[in-house]
Amino acid sequence: MTIKVTVWNEYLHEIQFKEIAAIYPKGIHGCIAEFLEKAGMEVQTATLEQPEHGLTEEVLKNTDVLIWWGHMAHDCVKDEIVERVYRRVLSGMGFIVLHSGHASKIFQKLCGTDSGCLKWREDGEKEILWAVDPGHPIVAGLEEKIIIPQEEMYGEHFNIPQPDEQVFISWFEGGEVFRSGCCWHRGKGKVFYFRPGHEAFPVYYQPEIQKVIINAVKWAAPTDAPEVVYGNTAPVVPFVSHMEGKTIQGLHEKK
């Protein structure tokens with residue numbers, strides 16, 4: 001079955017800065033959508049300035065995996081849209097957060113921490129991205145390391161919950177290290193944070209980076225999971241009550 005992907009991008013840097021537009025003339029979302037389509041996926045894009053930020057109920061209903069890139073306008077994302085995305089992740093939609101999306105409202109909500117806390121430096125340093133879980137599906141078909149010629153530095157401590165799976169760790173020329181590829185499960189959904197992708201560098205054209213994102217989409221795509229039922233339910237196996245005809249059902253409602 002074809003995976004349906006929505007690529008969300010603020011799409012502000014590319015409009016406001018000619019230097020960024022020169023790197024990503026179709027926008028970061030357009031660049032990512034293009035290589036995902038070539039990988040055989042069904043892709044649509046959404047941006048901040050669209051009604052409901054392009055993330056309507058209908059769009060999300062038809063999205064298997066949502067990719068999120070944001071940087072300068074996290075506060076402009078409406079809380080009701082954040083809640084809408086959050087509920088879809090819990091119900092099984094995959095979610096991939098790129099680069100400075102670490103400080104987005106939705107990623108902070110999924111983490112339960114102030115995930116915007118980290119070190120950073122925009123000096124265009126060399127980054128070596130090490131695969132520390134070589135058996136993970138996200139690193140399939142890759143070498144043990146990816147060298148990015150120029151990138152923004154992110155450094156520890158990164159205020160995120162302990163990842164369920166640590167896929168990548170980065171080293172930067174200035175000496176810092178960073179947990180650059182992290183996986184979590186939230187409800188029925190899978191979440192992957194992938195650090196590379198500062199707007200001033202052509203990182204998303206690099207074949208190895210594209211391969212990681214393609215692999216991550218396949219990993220995060222929903223599985224045919226059983227329906228989950230919450231709340232007060234009848235017993236699965238009938239049994240004889242030890243309450244001698246009494247019950248505490250609904251007792252708290254009588255307070």
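Setting aside its neighbours within four places in sequence, Phe192 is in contact with Phe95, Ile96, Val97, Ile138, Val167, Phe168, Gly181, Cys182, Cys183, Val212, Ala216 and Trp219. The model in which these contacts are found is a predicted one, and Phe192 offers a convenient place to enter it.

Phe192 belongs to the largest nonpolar core, a set of 41 residues in which Leu36, Ile67, Phe168, Phe192 and Tyr204 are the ones with the most contacts inside the core. The element that gives the most to this core is helix α7 (residues 207-220), which supplies 8 residues. Apart from this core there is a second, separate one of 33 residues, and Ala73, Phe95, Leu110 and Ile160 are among its members.

The aromatic rings give another way to read the model, which holds 11 aromatic pairs. One of them joins Phe107 and Tyr193, whose rings are stacked, with 5.6 Å from centre to centre and 25 degrees between the planes. This pair links distant parts of the chain, since Phe107 lies in helix α6 (residues 105-111) and Tyr193 in strand β9 (residues 189-194), 86 residues apart. Phe107 has a relative accessible area of 1% and is therefore buried, while Tyr193, at 0% relative accessibility, counts as buried too. A further pair is formed by Phe192 and Phe194, and because their ring centres are 5.8 Å apart and their planes meet at 20 degrees, this pair is stacked. Both Phe192 and Phe194 are buried.

Phe107 and Tyr193 also take part in a wider grouping, for together with Tyr154, Phe158, Phe178 and Trp184 they form one aromatic cluster. Tyr154, a member of that cluster, has a charged residue over its face, namely Arg195, at 5.3 Å from the ring centre. A similar arrangement is found at Trp219, where Lys190 lies over the face of the ring, at 5.3 Å from its centre.

The last part of this walk turns to the beginning of the chain and to strand β1 (residues 4-9), which is mostly covered, with 5 of its 6 residues buried. Strand β1 pairs in the parallel sense with strand β2 (residues 42-47) over 6 bridges, and within this pairing Trp8 has Ala46 of β2 as its bridge partner. Strand β1 also pairs in the parallel sense with strand β3 (residues 65-69), here over 5 bridges, and in β3 the bridge partner of Thr6 is Leu66.

Methods:
Residues numbered from 1 in each chain as written. Predicted model: local features only at pLDDT ≥ 70, side-chain atom pairs only at ≥ 80, totals over all residues. Heavy atoms only, no water. Phe/Tyr/Trp six-rings, centres within 6.5 Å; stacked < 30°, edge-to-face > 60°. Helix = DSSP H or I, 4+ residues; strand = E, 2+ residues; numbered from the N terminus. Buried < 20%, exposed > 50% of the residue type's maximum accessible area, 1.4 Å probe, protein only. Lys NZ or Arg CZ within 6 Å of the ring centre and 35° of its normal. Pairing = 2+ DSSP bridges. Core = buried A, V, L, I, M, F, W, Y, C linked by side-chain atoms within 4.5 Å. Contact = heavy atoms within 4.5 Å.
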